[in-house]
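Student: I would be grateful for a close look at one part of this model, a single loop residue and its setting. Please then place that part in the wider context of the chain and of its contact with the partner chain.

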Amino acid sequence: MNYILNYIRKDTWSPYVAGTLLGIVGILAVWASNSLLGASGSFENIAGMIGKTVAPKLFDNMYFNFIMPPGITYGVILLIGLFFGGMIGAATSGTLQWGKKGSANSDEQWKRIFGTSTWKRWTLAFFGAILLEYAAGIAGGCTSGLAISGGMLLAPSAFIFIAGMFASGIVTALIIYGRRY
Amino acid sequence: MSTYLIALVLGTFFGFALNKAGLTKYHKIVNVFRFTDMAVLQFMMTALVVAMTGLYILRGLGLVVFPAVPATYIVGNLVGGLLFGVGMALSGYCPGTCAAGAGEGKVDYIVPGLLGFLVGAVIYGLTYQQVFPSISAIANYGNVVIPDLWNINPYLTVLLFGLMSLFLFYMIDRAGWQRAEKE
């Protein structure tokens, strides 16, 4: 029992243990609610909700009316859960801290490549996020909604996506890190 | 209402697993692309093996029905994946890990991160009609799974995938597919 409690308090688990937990969550999502895990689609639901309030005419299109209707969907609740899950995880290992300390520009490796500048981190974080969300839209899901959820059902799309993601991720890291790769 | 509760609980465990695997850290995500820390791959493959084993057995026993399988349209899946990898290597997160990292209090995940995903969602939604129908029409196989597509026994497919993953884990942990960090 003590061993388990101490393990929970650890900052980083073996990826095999954490992965098993995610696998069980994936099974339960199908078994308990006939749904798949996902994250990128939830941002579409929220964007639609905001858009329909701010500029109803602009957002009165095929996509926000039928493909990804706005609203508090299963995915949006899942996304809120993700937020609290991260919070609880950090709290159990004593690494929960609001603000700049946990930011990537305080990460040793980030600092070696990009320095400590906050605006540089925020620019990359912001445009990176836009690119990720757009890419997930085209692919039909992100790492959760397509790679994990599709992969566990053995959908070919998941493995094509993963292959593409690793290929370009490696090239991008090579370019960014250069001689320090 | 009860489905919402299930979503909240499952989402929480999902975020907890991402945190404990270390995926809410910039260097964990980027280092899988540098082959200096393969945790992301080990985590994903473990989750896939566990989940597919459980789900295919439960389906065999008639206890679950699969929800709509994510559609396969080769060019779109691939182009999306290629763009996604660039975004991941630049930012050090993906939509799910950004949400979990935001909960940990990381300000760059909360402000430019979550805001960026919403802006991306708006741009995608407003250009969907010009982009998606044409790209998803190329080499579209629909909501198919590998055992049906290639006519292989599903349990054999799961077993082969499991063995492949074990081999991969062995190569990472024992045979040096993970490089040491320079310096």
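Tutor: In this predicted model, Ala139(B) is found in the loop that runs between helix H6 (107–135) and strand E2 (140–142) of chain B. Its phi is positive, near 45°, in a residue other than glycine. Is Ala139(B) buried or exposed? Neither word fits exactly: Ala139(B) counts as partly exposed because it has 13 C-beta neighbours inside 10 Å, while a residue is called exposed at 12 or fewer and buried at 20 or more.

A useful counterpart is found in chain A. Leu154(A) lies in the loop between H8 and H9 of that chain, and its phi is near 70°, again a positive value in a residue other than glycine. The setting of Leu154(A) is a buried one, because 25 C-beta neighbours lie inside 10 Å. A positive phi also appears in chain B at Gly22(B), with a value near 85°. Gly22(B) follows H1(B), a helix of 20 residues (2–21) that reaches 28 Å from its first C-alpha to its last, close to the 28 Å expected at 1.5 Å a residue.

The chain that holds Ala139(B) may now be considered as a whole. Chain B contains eight helices and two strands, and from the N terminus on its elements run α-α-α-β-α-α-α-β-α-α. Its C-alpha atoms fill a box of roughly 50 × 45 × 40 Å along the principal axes. Of its 183 residues, 53% count as buried. Among the contacts in chain B between residues at least 6 apart in sequence, 61% join residues at least 24 apart. As to confidence, chain B averages a pLDDT of 96, with 98% of the residues scoring at least 70. For the model, ipTM is 0.96 and pTM is 0.96.

The partner chain comes next. The contact takes 118 residues from chain A and 104 residues from chain B. On the side of chain A that touches chain B, the elements giving two or more residues include helix H5 (74–92), helix H8 (143–152) and helix H9 (156–177). By class, the residues of that side divide into 76 nonpolar, 37 polar and five charged.

One helix pair shows how the two chains pack. The axes of H8(A) and helix H3 (residues 39–60) of chain B come within 8 Å and cross at roughly 35°. From H8(A), the contact is made by Ala147(A), Ile148(A), Gly151(A) and Met152(A); H3(B) contributes Met44(B), Ala47(B), Leu48(B), Ala51(B), Met52(B) and Leu55(B). This contact has nine nonpolar residues, one polar residue and no charged residues.

A loop of chain A also takes part. Leu96(A) lies between H5 and H6 of chain A. Leaving aside its neighbours within four places in sequence, Leu96(A) is in contact with Glu104(B) and Gly105(B), as well as with Met87(A), Ala90(A) and Ala91(A). The C-alpha atoms of Leu96(A) and Gly86(A), 10 residues apart along the chain, are separated by 9.0 Å. Leu96(A) counts as partly exposed, because 17 C-beta neighbours lie inside 10 Å. To return to the starting point, Ala139(B) is likewise partly exposed, with 13 such neighbours.

Technical notes:
Residues are numbered from 1 along each chain as its sequence is written. Chains are lettered from A and ligands numbered from 1 in the order in which they are written. This is a predicted model: local features need pLDDT of at least 70, side-chain atom pairs count only at pLDDT 80 or more; totals for chains, interfaces and linings use all residues. Two residues are in contact if their C-beta atoms, placed from the backbone, lie within 7 Å. Helices (H or I, at least four residues) and strands (E, at least two) are DSSP runs, numbered from the N terminus. Ala, Val, Leu, Ile, Met, Phe, Trp, Tyr, Cys and Pro count as nonpolar, Asp, Glu, Lys and Arg as charged, and the others, Gly among them, as polar. The expected span of a helix is 1.5 Å times one less than its number of residues. pLDDT is the predictor's confidence in each residue, from 0 to 100. Axes are lines fitted to C-alpha atoms, for helices over the stretch in contact, and angles run from 0 to 180 degrees between N-to-C directions.
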